[in-house]
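Hi there,

Here is the structure I promised to pass on to you. Have it open while you read, and I'll walk you through what turned up.

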Amino acid sequence: MLRFTTCEVYFDNTPVPVKNILGEVGGGFKIAMNILNSGRFSMGSSGAGMLKTLIAMTAEHACTRKQFNHKLSEFGLIQEKFADMSLKVYAMESMAYLTAGMMDRMGDQNGPPDCSLEAAMVKVFSSEGCWQCVNEALQILGGMGYMKAYPYERYLRDCRILLIFEGTNEILRLYIALTGMQFAGSFLKDLIS
């Protein structure tokens, strides 16, 4: 079995040939942020796709598993869980499509439009939506959801990382709030003058 570890790599006074420089010298942070934005925004579509598969598998279980002489799918509480999961998937897809449309628009002479705020919002909403939906699916599946013979426990483990990578949700919430306050401040300043 291959094992990979995460480690830190430091480049101190490392020469970079001119042909290997991306963009302008000193502009690497902006390039890195654009890469993060792509990963953040794509969490909406990838999360929605994953959840559609999970919902279908969980629905099959709910339509065949019986408790108290009734299929699980007949219980209102179970139906509500499926409704909530479907709502989250729809919102995640909608956010992803809207943000993709914004990113695809032609920018001005300064390049493509800045969609970092929207990408952060998609990432926070979608990663937390995935985590909540997987939790609800496991509630429907019961103990079967934890057995390695079934794929559900893997969904749980895979969804947990979504809350962390591409920027933790706590940090992105700060970014969203700060950006909103800056926008509100400039809006009020323009309104007053």
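Let's start with a salt bridge: E128 pairs with R173, and their closest N and O atoms are 2.8 Å apart. This pair links distant parts of the chain, with E128 in helix α3 and R173 in helix α5, 45 residues apart. As for how open they are, E128 is partly exposed at a relative accessible area of 22%, and R173 is also partly exposed, at 42%. Before you go further, keep in mind that this is a predicted model.

There are 5 salt bridges by the count used here, so let me show you two others. K52 forms one with E93, where the closest N and O atoms are 2.7 Å apart. K52 sits in helix α1 and E93 in helix α2, so this pair ties together parts that are 41 residues apart in sequence. Both ends are partly exposed: K52 has 41% relative accessibility, and E93 has 23%.

The other one is R157 with E153, with 3.0 Å between the closest N and O atoms. This one stays inside a single helix: R157 and E153 are 4 residues apart in α4, which puts about one helical turn between them. Is E153 buried or exposed? E153 is buried, because its relative accessible area is 12% and anything under 20% counts as buried. Its partner R157 is partly exposed, at 46%.

Now zoom out to the whole chain. You should find 5 helices and 2 strands, and reading along the sequence gives the pattern α-β-β-α-α-α-α. The radius of gyration is 22 Å, well over the 16 Å that the globule rule gives for 193 residues, so the chain is more spread out than a compact globule. If you like to picture a box, the C-alpha atoms fill one of roughly 70 × 55 × 25 Å along the principal axes. Of the 193 residues, 28% count as buried.

Helix α3 deserves a look of its own, since you have already met E128 there. The helix runs over residues 116-141, which makes 26 residues. How far does α3 reach from its first C-alpha to its last? The span is 37 Å, close to the 38 Å expected at 1.5 Å a residue. Just after α3 comes G142, with a positive phi of about 65°.

On the other side of that helix, look at D114, in the loop between α2 (76-104) and α3. D114 is exposed, with a relative accessible area of 60%. Its side chain makes a polar contact with the side chain of S116, at 2.8 Å. You can also compare D114 with Q182: they are 68 residues apart in sequence, and 15 Å apart in space from C-alpha to C-alpha.

Next, some backbone angles to check. Most residues other than glycine have a negative phi. Which way does the phi of N69 go, positive or negative? The phi of N69 is positive, at about 65°, although N69 is not a glycine. You'll find N69 in the loop between β1 (66-67) and β2 (70-71), and it is exposed, with a relative accessible area of 72%.

E166 is another non-glycine residue with a positive phi, near 65°. Where does E166 sit? Look in the loop between α4 (152-160) and α5 (169-192). With 24% relative accessibility, E166 counts as partly exposed.

One last stop, on the surface. V16, V18, I21 and V25 make a nonpolar patch of about 400 Å². Take I21 as a way in: it lies in the segment before α1 (28-64) and is partly exposed, with a relative accessible area of 32%.

If you'd like a route for your own look around, try these stops:

- Go from E128 in α3 to R173 in α5.
- Go from K52 in α1 to E93 in α2.
- Check the loop between β1 and β2 for N69.
- Finish at the patch made by V16, V18, I21 and V25.

Have fun with it!

Notes. Residues are numbered from 1 along each chain as its sequence is written. This is a predicted model: local features need pLDDT of at least 70, side-chain atom pairs count only at pLDDT 80 or more; totals for chains, interfaces and linings use all residues. Side-chain values use heavy atoms; hydrogens and water are left out. Buried means under 20% relative accessible area, exposed over 50%, partly exposed in between (1.4 Å probe, protein chains only). The expected span of a helix is 1.5 Å times one less than its number of residues. Patches are made of residues with over 30% relative accessible area and no salt bridge: like charges are joined within 9 Å, nonpolar side chains (Val, Leu, Ile, Met, Phe, Trp, Tyr) within 5 Å. Accessible areas come from the Shrake-Rupley method with a 1.4 Å probe; for residues, only the protein chains shown count as cover. A salt bridge is a side-chain nitrogen of Lys or Arg within 4 Å of a carboxyl oxygen of Asp or Glu. A polar contact is a pair of N or O atoms within 3.5 Å; within protein, one must be able to donate a hydrogen and the other to accept it, and residues adjacent in sequence count only if both atoms are side-chain atoms. The radius of gyration is taken over C-alpha atoms; the globule rule is 2.2 Å times the number of residues to the power 0.38.
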